[in-house]
Amino acid sequence: AEKAKTGIRHPQQAGGVSLRTKMFLVFLFIPLIIIAGGSFFYLWHFEITSRLLIRESSIIATQLAEKKIDNITAANALIQTRAKELTDKARSTTLMMLGATFLLIILIVSIYVLRLTGKIKSLAEITDRISAGEVEIEIDTKSRDEIGELSNAIARMQETIQLSIERLQRRRGQSKPIYPTE
């Protein structure tokens with residue numbers, strides 16, 4: 001109670017990852033890593049496509065030189081057909097990876113937001129119950145970030161309220177509690 005009166009700030013629990021760091025990871029770092037991975041895959045796939053086109057062109061040029069292909073227009077059409085097939089395959093693979101990346105980011109962010117808002121709603125419910133007079137309610141503090149700090153602050157406030165009620169009851173000489181518990 002004395003610490004609460006003097007405004008002493010309690011330090012963050014050791015070893016916890018701050019909410020700011022978690023949000024940075026979830027909303028910036030993880031999506032950047034996923035996008036960078038997708039980009040590297042995209043570049044790698046186009047490198048393979050380029051090598052395949054060069055190989056196919058060499059084969060066709062060799063066949064032209066050996067007179068196995070009579071018409072240069074047919075050879076050109078064959079190269080264009082192969083290039084279009086490889087480019088279409090790369091495009092569809094890249095679009096699938098992009099879609100999967102967006103779904104993964106949406107899933108990660110949704111799970112994190114649901115967990116975070118769940119913790120905040122739980123603390124809001126606890127504070128409502130304390131304000132209604134349920135000062136004996138148990139506060140579960142598992143989080144080691146700012147939400148955990150808030151939970152600890154509410155628990156300290158709860159203890160201070162309980163001590164204040166007990167002191168007030170002793171002064172008044174009452175045997176019944178100030179707030180009726182149900």
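This report describes a predicted model of one protein chain, beginning with the whole chain and ending with a single residue.

## The chain as a whole

The protein chain contains four helices and zero strands, and its elements, read from the N terminus on, follow the order α-α-α-α. Of the 182 residues in the protein chain, 22% are buried. The surface that the protein chain exposes comes to about 13300 Å², and 62% of this area is supplied by carbon and sulfur atoms.

When the contacts in the protein chain with a separation of 6 or more are considered, 70% of them are accounted for by residues 24 or more positions apart.

## Confidence in the model

The average pLDDT of the protein chain is 78, and 85% of the residues score at least 70. Among the elements, helix α1, which covers residues 2-6, has the lowest mean pLDDT, at 45, whereas α4 has the highest, at 89. Over residues 1-14 the pLDDT is below 50, and this stretch has 17 contacts in the model beyond near neighbours in sequence.

## Helix α4

Helix α4 runs over residues 146-172 and so has 27 residues; from its first C-alpha to its last it reaches 38 Å, which is close to the 39 Å expected at 1.5 Å a residue. At the start of α4, a side-chain oxygen of D145 comes to within 3.0 Å of the backbone nitrogen of I147. After the helix comes G173, a residue whose phi is positive, near 70°.

Several residues of α4 are buried, including I147, G148, E149 and S151, as well as I154, A155, Q158, I165 and Q169. In an α-helix there are 3.6 residues a turn, so residues three or four places apart point the same way. The buried residues of α4 pack against two other helices, namely α2, which spans residues 19-65, and α3, which spans residues 72-131.

## A residue in helix α2

The residue I48 has its place in helix α2. Is I48 buried, partly exposed or exposed? Its relative accessible area is 28%, and because buried means under 20% and exposed means over 50%, I48 counts as partly exposed.

Along the chain, I48 and L86 are 38 residues apart, and in the model their C-alpha atoms are separated by 9.4 Å.

Conventions. Residues numbered from 1 in each chain as written. Predicted model: local features only at pLDDT ≥ 70, side-chain atom pairs only at ≥ 80, totals over all residues. Heavy atoms only, no water. Expected span 1.5 Å × (residues − 1). Buried < 20%, exposed > 50% of the residue type's maximum accessible area, 1.4 Å probe, protein only. Contact = heavy atoms within 4.5 Å. Polar contact = N/O pair within 3.5 Å; in protein donor to acceptor, adjacent residues only side chain to side chain. pLDDT = per-residue confidence, 0-100. Areas by Shrake-Rupley, 256 points an atom, 1.4 Å probe, with all protein chains shown as cover.
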